[in-house]
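Here is a quick tour of a small fold for anyone who likes to read coordinates with a guide at hand. Have a look at the chain first, then come back for the walk-through.

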Amino acid sequence: MAKKEQAQQEKKLKVTLVKSTAGCLEKQQRTVQALGLRKIRQTVTVPDNDAMRGMIFVVKHLVTVEEI
C-alpha cells in the first residue's frame with residue numbers, strides 16, 4: 001500500500017497561465033488565483049489529484065497543462 005501512495009505523490013502537473021483573466025467570470029479569476037497563478041506565462045507545479053484537475057477544467061481555456 002505504501003508503493004501506491006508513493007506513486008500518487010510523485011504525479012505532478014505543470015500549469016502555465018497563457019491568457020489574461022481580464023473579462024473572465026469572477027469564479028474563473030478566483031480559480032486562477034487559487035492555483036497560484038498571478039501573471040501571464042507564470043508556471044506552477046501542483047499535485048495531480050481530482051481537486052486540481054477540477055480547478056484546471058474550470059479555466060482550461062486560460063492555461064496549458066503538462067504532466068511531470
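## Starting from Thr 16

Let's start at one residue: Thr 16 sits in strand β1. Keep in mind that the whole thing is a predicted model. Is Thr 16 buried or exposed? Its relative accessible area is 12%, and since the cut-off for buried is under 20%, Thr 16 counts as buried.

Who keeps Thr 16 company? Skipping neighbours within four places in sequence, Thr 16 touches Arg 41, Gln 42 and Thr 43, plus Leu 62, Val 63 and Thr 64. Leu 62 has its own list of contacts, again leaving out anything within four places: Thr 16, Leu 17, Val 18, Lys 19, Ser 20, Thr 21, Cys 24 and Val 32.

## The overall layout

Zooming out, the chain holds three helices and three strands. Going along the sequence, they come in the pattern α-β-α-β-α-β. Of the 68 residues in the chain, 25% count as buried.

A good part of the contact map is long-range: taking contacts between residues at least 6 apart in sequence, 71% join residues at least 24 apart. As for the surface, the chain exposes about 5200 Å², with 51% of that coming from carbon and sulfur atoms.

## The sheet

The three strands make an open sheet in the order β2-β1-β3, with antiparallel pairing. Why do β2 and β3 each have a side without a neighbour in the sheet? Strands β2 and β3 (63–67) stand at the edges and have a single partner strand each, so one side of each is left free of sheet neighbours. From one strand to the next, the twist averages 25 degrees.

Now for the pairing of β1 (residues 12–17) with β2, which is antiparallel and runs over five bridges. Within it, Lys 12 is opposite Pro 47 of β2, and Lys 14 has Thr 45 of β2 as its bridge partner. Strand β2 (residues 43–47) is two-faced: Val 44 and Val 46 are on the covered face, while Thr 43, Thr 45 and Pro 47 are on the uncovered one.

## The nonpolar core

As a general rule, nonpolar side chains in soluble globular proteins tend to be buried together. Here, the largest nonpolar core has 14 residues, and Val 15, Leu 37, Leu 62 and Val 63 are the ones with the most contacts inside it. The elements giving two or more residues to this core are β1, β2 and α3 (50–58). Strand β1 provides the largest share, three residues.

## Helix α2 and its two sides

Which residues of helix α2 (residues 26–34) are buried? They are Gln 28, Thr 31 and Val 32. These three cover an arc of only 100 degrees around the axis, so they end up on the same side of α2. The usual helix arithmetic applies: an α-helix has 3.6 residues a turn, so residues three or four places apart point the same way.

The buried residues of α2 pack against β1 and α3. On the face turned away from that buried side, α2 carries the exposed residues Lys 27, Arg 30, Gln 33 and Ala 34. After α2 comes Gly 36, which has a positive phi, near 95 degrees.

Methods: Residues are numbered from 1 along each chain as its sequence is written. This is a predicted model: local features need pLDDT of at least 70, side-chain atom pairs count only at pLDDT 80 or more; totals for chains, interfaces and linings use all residues. Side-chain values use heavy atoms; hydrogens and water are left out. Helices (H or I, at least four residues) and strands (E, at least two) are DSSP runs, numbered from the N terminus. Buried means under 20% relative accessible area, exposed over 50%, partly exposed in between (1.4 Å probe, protein chains only). Contact means heavy atoms within 4.5 Å. Accessible areas come from the Shrake-Rupley method with a 1.4 Å probe; for residues, only the protein chains shown count as cover. Two strands pair if DSSP finds at least two bridges between them. A nonpolar core is a set of buried Ala, Val, Leu, Ile, Met, Phe, Trp, Tyr and Cys residues joined through side-chain atoms within 4.5 Å. Axes are lines fitted to C-alpha atoms, for helices over the stretch in contact, and angles run from 0 to 180 degrees between N-to-C directions. The arc is that of the directions from the helix axis to the C-beta atoms.
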